[in-house]
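Colleague: I should like to learn how charged side chains and surface patches are read in a model. May we go through some cases together?

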Amino acid sequence: MEMWFTEKQTENVGITCKTEKTLYMETTQYQEIALIQTLQFGRMLVLDGTVQTTENDEFIYHEMITHVPLFTHPFPKNILVVGGGDGGAVREIVKHPSVQKATLVEIDGKVIEVSKNFLPTISCALENPKVEVLVEDGIQYVKKHKNKFDVILIDSTDPIGAAVGLFSKEFYKAIYESLKEDGLFVAQTESPFFNKELISKVYQDIKIIFPITKLYLCAIPTYPSGFWSFTMGSKKYDPLKIDENKMINIDTKYYTREIHKSAFSLPKFVKDLLK
């Protein structure tokens, strides 16, 4: 008998993958966690029925949420990741030699534990001496730490449950205060096809707070519509004005100097969402 996993990405659209077995499943106080072995994408982390990452396409998301902001900032030293318990963003962050410390704040410690046990190629940098891992509420952590970070990454789940507050104007104001005077942040902001209202609202909220606000895109096969957005708020640095001559070579599969700038070239229908 064949076994298939389906994520209902909207009420009318889903993505279905043939599976070999379920390696782990548990319901924590925050969510249902599942680790599934799929034939197409390898091991897949699923939270509340929603695909978070897979072994085969995770590099796209993790490289784009990290290297775009870290190359935009000329000398990022102190980095905060809110969410991202799988460790993929941290793995990419520590590739930058200027980084002195990366702090990961994940509300559900089981996500970290499961990722360490089942996704070693993604979570491999969580034990790096530059990395501090904290199990607590990222929203409260940001509010308690002022003028501390060069770059903040909001590596969140979809805006449901405990993650709703990560998409609020109040949280973006707290991020602004948590950043140093030349700091910047990036948040994953969902699909331009399925989350138009969310993208429009988030962009306008960030634009009110940050002098420089930019949205960029990439293609991720297992995410809703395969077309994904990130939104950057920056106090000083424009991601389109980086000095390419100062960009070091790092090991990537998706991100390049050319991708850095081309990701900000938006289709008209996405531009229209930002008006």
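Colleague: Is aspartate 272 buried, partly exposed or exposed?

Modeller: Buried means under 20% relative accessible area, exposed over 50%, and partly exposed in between (1.4 Å probe, protein chains only). Aspartate 272, at 31% relative accessibility, is therefore partly exposed. This is a predicted model, in which local features need pLDDT of at least 70 and side-chain atom pairs count only at pLDDT 80 or more, while totals for chains, interfaces and linings use all residues. Residues are numbered from 1 along each chain as its sequence is written, and side-chain values use heavy atoms, with hydrogens and water left out.

Colleague: With which residue does lysine 275 form a salt bridge?

Modeller: Side chains of opposite charge can pair when their charged atoms come close. The criterion is a side-chain nitrogen of Lys or Arg within 4 Å of a carboxyl oxygen of Asp or Glu. Lysine 275 pairs with aspartate 272, their closest N and O atoms being 3.1 Å apart; lysine 275 is exposed, with a relative accessible area of 73%.

Colleague: Which residues are joined into one network by salt bridges that share partners?

Modeller: They are Glu58, Arg91, Glu92 and Lys95. Between glutamate 58 and arginine 91, the closest N and O atoms are 2.9 Å apart. Glutamate 58 belongs to helix α1 (residues 58-72) and arginine 91 to helix α2 (residues 88-93), so their pairing ties together parts 33 residues apart in sequence. Helices are DSSP runs (H or I, at least four residues), numbered from the N terminus. Both glutamate 58 and arginine 91 are buried.

Colleague: How many salt bridges are there by this rule?

Modeller: The count is 17.

How values were computed: Helix = DSSP H or I, 4+ residues; strand = E, 2+ residues; numbered from the N terminus.
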